[in-house]
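I opened the notebook with a plain aim: look up a handful of residues and helix contacts, and write down what I find. The entries follow in the order I made them.

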Amino acid sequence: MFLAWNEIMKNKLRFILIIGVLMLVSYLVFFLSGLATGLKDLNREAVDKWEADGIILTEESDRSLSQSSLDLDNEKDVDAKETAVLGQINAIARAGDKKTNIALFGIRKDEFLMPNIEEGTAFSKKNEVIASDALKDDGFKIGDTLQLSSSEEKLKIVGFTNQSRFNAAPVLYGDLDTFKEVKFGKAQNPNMKDQINAIVVRGDIKNSVSNSELEGVEIETFIENLPGYTEQNLTLTFMIYFLFIISSVIVAIFLYVLTVQKISMFGLMKAQGISNLYLAKSVIAQTFILAFLGVFVGFILTLITGKFLPSEVPVSFDIVTMILYGVILIIVAILGAVFSVFTIFKIDPLKAIGG
């Protein structure tokens, strides 16, 4: 360790460049991990809020909430610890010059899908809704009247709840009558008056459905089938993995070049009786110091950046995940140093010093 640190102190500029490169790579890894977490939350916040174990959809819906169509009578086909009915429709909401995509959830007030109220009150009659606090960022407030693109109905925001987005859209919670009139209009077909999209379940769902036309889906499986959710996560994950590989290659190239430049010095040290193991430990220790400093600075810069990002940027930093990725970056950097160690082992002391 002494030899490694002493060389770093004598060649500060050279090693600062290596630290800088590792810092930039780790900064990008941490930021991508935060982006991946933030985008996940955009899709699943409202579903996580249910604290449910599964959801009952129609067999033909391909596990898509919007494509599923059930009747309230289907509740009797579900045998579970606790159930709650759910109607869902996507739309564009307007209030004056403000406009945004929303997901409307039709629920029963006395069931567990009812959200917590952070501000305002709960809905008490038809066409009153509780809105996700994400709408505040777009300028919406309590008392606003919303005109939906898919309906002539007008909805009034009476309260706000936190962390309620579904498939990246802020959620509006209203009663089932509100959902039916938004979806079907006032002149509803009698056959559609009891139509919903799903039944959400708490408890074991494996043997909870007695109707062959219905399918019980675990919550995680349901989330993974949300449009674009899996593809988005895989893309960002592969980017992070490639950055790990790039990091190890960068370190390997830098240290190999430095090792080649110091062949005569290593040869002289070996001629003086210094073992290969000692020199290898020195290179590994030096790599650890460089990688740790680069990752640590990248970690701090990422957290600082997060404090100044606007709310529109979907970034959410998970400290545990960031620490895990930081450890992986240090490990792959050390693995990249192995090439330099092999080079040291092959050095012939006599040839290195010109003998």
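**Entry 1: Ala168**

Where is Ala168 placed? I found Ala168 in the loop between strand 9 (165-166) and strand 10 (169-175). I am working from a predicted model. I checked the backbone next. Ala168 is not a glycine, yet its phi is positive, about 75°. Most residues other than glycine have a negative phi. I then looked up accessibility. Ala168 stands at 44% relative accessibility, so I logged Ala168 as partly exposed.

**Entry 2: Arg63**

I looked for another positive phi. Arg63, also a residue other than glycine, has a positive phi near 60°. I traced Arg63 to the loop between strand 1 (54-58) and strand 2 (70-71). Is Arg63 buried or exposed? Neither word fits, because its relative accessible area is 30%, and Arg63 counts as partly exposed.

**Entry 3: confidence**

I checked how far to trust the coordinates. The mean pLDDT of the protein chain is 85. I noted that 93% of its residues reach 70 or more. Where is confidence lowest in the protein chain? It is lowest in helix 1 (residues 2-10), at a mean of 61. It is highest in strand 6 (residues 128-132), at 94. Where pLDDT is low, the predicted coordinates should not be read in detail. I therefore leave the detail of helix 1, with its mean of 61, alone.

**Entry 4: helix 2 and Arg44**

I turned to helix 2 (residues 12-50), which holds Arg44. I looked up how helix 2 packs on helix 5 (residues 229-261). The angle is about 170°, and the axes lie 10 Å apart. The cut-off for roughly antiparallel is over 145 degrees, so helix 2 is roughly antiparallel to helix 5. I sorted the residues of this contact by type: 21 nonpolar, six polar and three charged.

Then Arg44 itself. Is Arg44 buried or exposed? At 13% relative accessibility, Arg44 counts as buried, because the limit for buried is under 20%. I listed what Arg44 touches, leaving out residues up to four places away in sequence: Arg165, Glu220, Ile223 and Tyr229.

**Entry 5: helix 7 against helix 8**

I moved on to helix 7 (residues 276-308) and helix 8 (residues 319-336). How far apart are the axes of helix 7 and helix 8? They are 9 Å apart, and the packing angle is about 150°. Helix 7 is therefore roughly antiparallel to helix 8. I noted the crossing as right-handed.

I read off the contact. Helix 7 contributes residues including Ile284, Phe288, Phe292, Val295 and Phe299. Helix 8 contributes residues including Met322, Gly326, Leu329 and Ile334. The contact divides into 14 nonpolar, three polar and no charged.

**Entry 6: Gly326**

I picked Gly326 out of helix 8. Gly326 is buried, with a relative accessible area of 5%. What does Gly326 contact, beyond its neighbours within four places in sequence? I found Phe30 and Val295. I also looked up Ser26: 300 residues from Gly326 in sequence, 7.1 Å in space, C-alpha to C-alpha.

**Entry 7: helix 7 against helix 9**

I kept helix 7 and swapped the partner for helix 9 (residues 338-345). The angle is about 155° and the axes are 10 Å apart. Helix 7 is therefore roughly antiparallel to helix 9. The crossing is right-handed. On helix 7, I noted Asn276, Leu279, Ala280, Val283 and Ile284. On helix 9, I noted Ser340, Val341, Ile344 and Phe345. These divide into seven nonpolar, two polar and no charged.

**Entry 8: two loop residues**

Which loop holds Ala337? Ala337 lies between helix 8 and helix 9. At 0% relative accessibility, Ala337 counts as buried. Not counting residues up to four places away in sequence, Ala337 touches Leu255, Val283, Ile284 and Thr287. I checked Glu119 too: 218 residues from Ala337 along the chain, with 56 Å between their C-alpha atoms.

I closed with Ile347, in the loop between helix 9 and helix 10 (349-352). Ile347 is buried, with a relative accessible area of 9%. Val260 is 87 residues away from Ile347 in sequence and 9.9 Å away in space, C-alpha to C-alpha.

Conventions. Residues are numbered from 1 along each chain as its sequence is written. This is a predicted model: local features need pLDDT of at least 70, side-chain atom pairs count only at pLDDT 80 or more; totals for chains, interfaces and linings use all residues. Side-chain values use heavy atoms; hydrogens and water are left out. Axes are lines fitted to C-alpha atoms, for helices over the stretch in contact, and angles run from 0 to 180 degrees between N-to-C directions. Helices (H or I, at least four residues) and strands (E, at least two) are DSSP runs, numbered from the N terminus. Angles under 35 degrees count as roughly parallel, over 145 as roughly antiparallel, 65 to 115 as roughly perpendicular and the rest as oblique. A crossing is left-handed if the near helix is turned anticlockwise from the far one by less than a right angle, and right-handed if clockwise. Contact means heavy atoms within 4.5 Å. Ala, Val, Leu, Ile, Met, Phe, Trp, Tyr, Cys and Pro count as nonpolar, Asp, Glu, Lys and Arg as charged, and the others, Gly among them, as polar. Buried means under 20% relative accessible area, exposed over 50%, partly exposed in between (1.4 Å probe, protein chains only). pLDDT is the predictor's confidence in each residue, from 0 to 100.
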